[in-house]
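I opened a new notebook page for a structure I had not looked at before. I wanted the overall layout, then the interior.

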Amino acid sequence: IVQRVAKRIASASGENFAWETILIESPEVNAWCMPGGKMAVYTGIIPVLKTEAALAAVMGHEVAHATLRHGKQRYARAIKENILGMVAGAAVIVGGQFLCKTEMCKNLSMLGGAAAGFALTFFDRKFSRADESNADKEGQIYMARAGYDPEEAPRLWDRMSAANGGKAPPEFMSTHPSDTTRKTMLNNWMSEASQVYQKAPHKYGLGENI
């Protein structure tokens, strides 16, 4: 199911990336798409999703971050704000000396300095709330274009909120909009997404239960 949805969302995005998707065995409720099209879905999110269309909403959102170049924009901002000194200090690659002891950092030791800096920035990414909202909107369009009912996107955030047990931080303290805000905005954009869905060459509705 993950591979099928990933293929449809990638096609709907219109981007000619080197798409690749993996399913990671982890309790983390998460998914991501790196710049260039490398995607991952964690098994921990599957029980929250419930439907194939909800997976399409999540993957549409993550793909939108990549197609809208949010990662590259964040990296550029990081350089401008001069907050990547840790790359030179904590990720010393000269002579194979790598000071960071985490598994991710060990993997990054094979990269050049700029690439390592980009990867560290990505995996510690904190997109702005504006970026997150833009990805929500574009992702809803992608799922609709791929043939999944966009009405499932706001319903997903009811389930996400229930899964979080209402423990999310206040919106003004978070880089992400609140679950309630996301649901409201997705409903506000529904008219446009529904028009795209009606024009989709294939309609899968909610898809399979997962």
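My entries follow, going from the whole chain to its cores.

**Entry 1, the model.** I noted at the start that this is a predicted model.

**Entry 2, secondary structure.** I counted elements and found 11 helices and 3 strands in the protein chain. I then read their order along the sequence: one helix comes ahead of the three strands, and the helices after them run on to the end of the pattern.

**Entry 3, burial and surface.** I looked up how much of the chain is covered. Of the 210 residues, 45% are buried. The chain exposes about 10,800 Å², and 56% of that area comes from carbon and sulfur atoms.

**Entry 4, contacts.** I took the contacts with a separation of 6 or more and checked how far apart the partners sit in sequence. Residues 24 or more positions apart account for 67% of them.

**Entry 5, the largest nonpolar core.** Which residues touch the most other members of this core? I found I9, M59 and M143, in a core of 34 residues. I listed the elements that give two or more residues to this core: α1 (2–13), β2 (31–33), β3 (38–42), α2 (46–49), α3 (52–67), α8 (129–145) and α9 (152–164). With 10 residues, α3 gives the most.

**Entry 6, M59.** I followed M59 and left out residues up to four places away in sequence. What remains is contact with V2, V5, A6, I9, T21, M39 and V41.

**Entry 7, another core.** Apart from the largest core I found one of 5 residues. I wrote down I141, A144, A193 and V196 as being among them.

How values were computed:
Residues numbered from 1 in each chain as written. Predicted model: local features only at pLDDT ≥ 70, side-chain atom pairs only at ≥ 80, totals over all residues. Heavy atoms only, no water. Helix = DSSP H or I, 4+ residues; strand = E, 2+ residues; numbered from the N terminus. Buried < 20%, exposed > 50% of the residue type's maximum accessible area, 1.4 Å probe, protein only. Contact = heavy atoms within 4.5 Å. Areas by Shrake-Rupley, 256 points an atom, 1.4 Å probe, with all protein chains shown as cover. Core = buried A, V, L, I, M, F, W, Y, C linked by side-chain atoms within 4.5 Å.
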